[in-house]
Amino acid sequence: MTVKKELLVAALENGTAIDHIPSDHLFKVVDILGIEKLKNKITIGCNLDSKAMGTKGIIKISDKFFEEDEINRISLIAPTVNLNIIRDYVVVEKKRVSLPDELKGLVKCNNPKCITNNEPMSTRFLVIDKENVTLKCRYCGMKIKKEEIELL
């Protein structure tokens, strides 16, 4: 019996592969990162087989390496993501996305009376539950659950 292997997503010479994205969150990650505005070569795979997740999404972006605040944005929506940094077709670094203890300037406070909604200042949220993604505004104390998060 011959085993047939196929490459579902093209190899990347240099850039970043965002792997293990829950299929139902794939296009939220695309939106958060503004990928549709990039001029780089981009491969997006959705509903790919995954032993660990059932199905997953993957995004490969040539010649793009993400900054810390971009990675933090991904972790708000898809905390199971792996980032693979690729140079000359070889994975040179693997990063597991994780929520930091504090988020600055990424999330809008849902309290209309919060000072961040009435003065020109950056928001600051403590991450009080990383597993379920619950945030607490440092200024007014409002708690925000994952499904209520509005990114700036």
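A salt bridge, as the term is used here, is a side-chain nitrogen of Lys or Arg within 4 Å of a carboxyl oxygen of Asp or Glu. Keep that cut-off in mind as you click around. What you have open is a predicted model, and it holds five salt bridges.

**Stop one: K104 and E102**

Select K104 and E102 and show their side chains. They meet in a salt bridge, with N to O at 3.9 Å; that pair counts because the cut-off is 4 Å. Now switch on the surface. Is K104 buried or exposed? K104 counts as exposed, since its relative accessibility is 55%. E102 comes out as partly exposed, because its value is 21% and buried means under 20%.

**Stop two: add R124**

Keep E102 selected and bring in R124. These two also form a salt bridge, and their closest N and O atoms are 3.1 Å apart. Follow the backbone from one to the other: R124 sits in strand β7 and E102 in strand β6, 22 residues apart, so this pair links distant parts of the chain. R124 is partly exposed, at 27% relative accessibility.

**Stop three: the network**

Which residues are linked with E102 in a network of salt bridges? Add R138 to your selection and you have the set: E102, K104, R124 and R138.

**Stop four: K130 and D101**

Next, pick K130 and D101. Their side chains meet in a salt bridge as well, 2.9 Å from N to O. Where do the two residues lie? K130 is in the loop between β7 (124-129) and β8 (134-137), while D101 is in the loop between β5 (90-96) and β6 (102-104). They are 29 residues apart, and the pair links distant parts of the chain. With the surface on, K130 shows up as partly exposed, at 39% relative accessibility. D101 has a relative accessible area of 55% and counts as exposed, because exposed means over 50%.

**Last stop: a nonpolar patch**

Leave the charges behind and select F27, I42 and I44. Together they make a nonpolar surface patch of about 270 Å². To get your bearings, look for helix α1, residues 26-33, where F27 lies. F27 is exposed, because its relative accessibility of 54% is over the 50% cut-off. Colour the three patch residues, F27, I42 and I44, to see the patch on the surface.

How values were computed. Residues numbered from 1 in each chain as written. Predicted model: local features only at pLDDT ≥ 70, side-chain atom pairs only at ≥ 80, totals over all residues. Heavy atoms only, no water. Helix = DSSP H or I, 4+ residues; strand = E, 2+ residues; numbered from the N terminus. Buried < 20%, exposed > 50% of the residue type's maximum accessible area, 1.4 Å probe, protein only. Patch = residues over 30% accessible without salt bridge, like charges linked within 9 Å, V, L, I, M, F, W, Y side chains within 5 Å. Areas by Shrake-Rupley, 256 points an atom, 1.4 Å probe, with all protein chains shown as cover.
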